Amino acid sequence: MRLRSTLAAVLGGLLLSVALPASPAAAATGDFTYSYVGLNGLNLRGGLADPESRVCINIPETVGSALPAFAPSNLTDSTATVFLDSDCDGDTFYVMAPGKRLGERLRLRSVVFS
């Protein structure tokens, strides 16, 4: 009788572990938008749609540019931490709650979502 119960428990555990994903994909739902200066010198809008959570994201338009992005809007369902430096580095950062919009004075080069 014990062998049958043990076997049933082991088999149930194996089935459960196969049914659950190894690591669930985590993403913030919504858009994170910002402004940047384009090659033509005009202010343009950029954005990240459903950005990945807990991963540092460098703002693509600032890579290789002397100018950072500015005026971010966190229209996602996650908290965003924006950094002045690339690779989410440096002492200059700002935490943005979901729905928060900041003005043109805030500069950023990277962001990470909770």
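The exercises below work through a predicted model, each with a solution in steps.

Residues are numbered from 1 along each chain as its sequence is written, and side-chain values use heavy atoms, with hydrogens and water left out. In this predicted model local features need pLDDT of at least 70 and side-chain atom pairs count only at pLDDT 80 or more, whereas totals for chains, interfaces and linings use all residues.

**Exercise 1. Overall description**

Task: State how many helices and strands the protein has, in what order they run, and what share of the residues is buried.

Solution. Begin with the elements, which are DSSP runs numbered from the N terminus, helices being H or I of at least four residues and strands E of at least two. On this basis the protein has one helix and eight strands, and their order from the N terminus is α-β-β-β-β-β-β-β-β.

Next, consider burial, where buried means under 20% relative accessible area, exposed over 50% and partly exposed in between, with a 1.4 Å probe and protein chains only. Of the 114 residues in the protein, 32% are buried. The exposed area, obtained by the Shrake-Rupley method with a 1.4 Å probe, is about 7400 Å², and carbon and sulfur atoms supply 59% of it.

Finally, take the contacts, defined by heavy atoms within 4.5 Å: among those between residues at least 6 apart in sequence, 65% join residues at least 24 apart.

**Exercise 2. The four-stranded sheet**

Task: Derive the strand order of the open sheet of four strands, and identify the strands at its edges.

Solution. Two strands are taken to pair if DSSP finds at least two bridges between them. Strand 3 and strand 8 (residues 110-113) run antiparallel and are joined by two bridges, with Ile57 opposite Val111 in strand 8.

Strand 8 is also joined to strand 5, again in the antiparallel sense, by four bridges; here Thr81 stands opposite Val112. Strand 5 (residues 80-83) is in turn connected to strand 6 by four bridges, the two running antiparallel, and Thr81 faces Val95 in strand 6.

Put together, these pairings give the order 3-8-5-6 for the open sheet. Strand 3 (57-58) and strand 6 (93-96) stand at the edges with a single partner strand each, so one side of each has no neighbour in the sheet.

**Exercise 3. The hairpin and Thr33**

Task: Describe how strand 1 and strand 2 are joined, and list the surroundings of Thr33.

Solution. Strand 1 (residues 30-37) and strand 2 pair antiparallel over seven bridges. They form a hairpin with five residues between them, and Gly41 in the turn has a positive phi of about 85 degrees.

Thr33 lies in strand 1 and stands opposite Gly47 in strand 2. When neighbours within four places in sequence are left aside, Thr33 is in contact with Arg45, Gly46, Gly47, Ala71, Pro72 and Ser73. The side chains of Thr33 and Arg45 are joined by a polar contact of 2.8 Å, a term for a pair of N or O atoms within 3.5 Å in which, within protein, one must be able to donate a hydrogen and the other to accept it, residues adjacent in sequence counting only if both atoms are side-chain atoms.

**Exercise 4. The disulfide**

Task: Locate the disulfide, and determine its handedness and the accessibility of Cys56 and Cys88.

Solution. A disulfide is counted when two cysteine sulfur atoms lie within 2.5 Å, and a search of the whole structure finds one. It joins Cys56 to Cys88, with an S to S distance of 2.2 Å. The pair links distant parts of the chain, 32 residues apart: Cys56 is in the loop between strand 2 (43-49) and strand 3, and Cys88 in the loop between strand 5 and strand 6.

The torsion about the S-S bond of Cys56 and Cys88 is about 95 degrees, so the disulfide is right-handed. Cys56, at 32% relative accessibility, counts as partly exposed, whereas Cys88 is buried at 18%.

**Exercise 5. The aromatic cluster**

Task: Classify the ring pairs Phe32 with Phe113 and Tyr34 with Tyr36.

Solution. Rings of Phe, Tyr and Trp (its six-membered ring) pair if their centres lie within 6.5 Å, planes under 30 degrees apart counting as stacked, over 60 as edge-to-face and the rest as tilted. The structure holds four aromatic pairs. In one of them, the ring centres of Phe32 and Phe113 are 5.5 Å apart and the planes are at 85 degrees, so the pair is edge-to-face. This pair links Phe32 in strand 1 to Phe113 in strand 8, 81 residues apart, and both Phe32 and Phe113 are buried.

For Tyr34 and Tyr36 the centres are 6.4 Å apart and the planes at 50 degrees, so the pair is tilted; Tyr34 and Tyr36 are likewise buried. Phe32, Tyr34, Tyr36 and Phe113 form one aromatic cluster.
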